[in-house]
Amino acid sequence: MTKQFDDIYAATAHIRDHCLCLHAQRAARALARRFDEALRPHGITSGQFSLLNVLNRPEPHSMGPVAKFLAMDRSTLTANLKPLERDGLVSVAVDPQDRRGRRLALTARGRKVLRAAMKVWQSEHAALEREMGVDPEPVRAGLRAIA
């Protein structure tokens with residue numbers, strides 16, 4: 001341990017005030033709660049909203065790129081897809097070119113829910129950016145650099 005961290009309580013205070021991981025975790029939880037609440041009337045969570053957006057493409061996606069973009073492993077993606085598939089928002093089909101793979105697509109109902117949820121997201125996101133009191137673009141750029 002360096003001299004700065006000889007005092008365990010001072011080290012804890014330093015980490016509390018400077019740890020990017022801690023602050024990112026806290027912010028992620030607060031943002032998820034905020035957007036979960038805003039999206040609740042549409043029957044989806046903030047995580048499901050993100051997943052629906054990734055799948056909002058003209059052609060179905062394979063699981064690998066979707067999992068990679070969302071920074072999750074395939075088993076976590078599969079678990080996140082199950083309620084969306086059950087609710088008829090997403091279809092999961094065998095990939096005709098590789099029968100071991102799966103192709104993911106929004107259903108018509110999924111597009112309808114996503115379109116309505118986008119309006120909520122737009123309003124909530126604009127309010128969040130105003131509340132931040134700083135230009136959000138450097139924040140986005142910093143987060144993209146990490147991911």
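## Terms and model

A residue counts as exposed when its relative accessible area is over 50%, as buried when that area is under 20%, and as partly exposed in between. The structure described here is a predicted model.

## Helix H2 and its two sides

Helix H2 comprises 20 residues, 20-39, and because each residue should contribute 1.5 Å, the expected span is 28 Å, which agrees with the 28 Å that separates the C-alpha atoms at its ends. Within this helix, the buried residues are Phe35, Ala38 and Leu39. They cover an arc of only 80 degrees around the axis, and therefore lie on the same side of H2.

On the other side of H2, Arg26 and Arg33 are exposed. The buried residues of H2 are covered by elements that include helix H3, residues 46-55, and helix H6, residues 108-132.

## The aromatic pair between H3 and H6

A search of the whole structure finds 1 aromatic pair. Phe49 and Trp121 form this pair, with 6.4 Å from centre to centre and 20 degrees between the planes, and the arrangement is stacked. The pair links distant parts of the chain, since Phe49 belongs to helix H3 and Trp121 to helix H6, 72 residues apart.

How buried or exposed are the two partners, Phe49 and Trp121? Phe49 has a relative accessible area of 8% and is therefore buried, the cut-off for that class being under 20%. Trp121 has a relative accessible area of 34%, so this residue is partly exposed.

Definitions and conventions: Residues numbered from 1 in each chain as written. Predicted model: local features only at pLDDT ≥ 70, side-chain atom pairs only at ≥ 80, totals over all residues. Heavy atoms only, no water. Helix = DSSP H or I, 4+ residues; strand = E, 2+ residues; numbered from the N terminus. Expected span 1.5 Å × (residues − 1). Buried < 20%, exposed > 50% of the residue type's maximum accessible area, 1.4 Å probe, protein only. Arc of directions from axis to C-beta. Contact = heavy atoms within 4.5 Å. Phe/Tyr/Trp six-rings, centres within 6.5 Å; stacked < 30°, edge-to-face > 60°.
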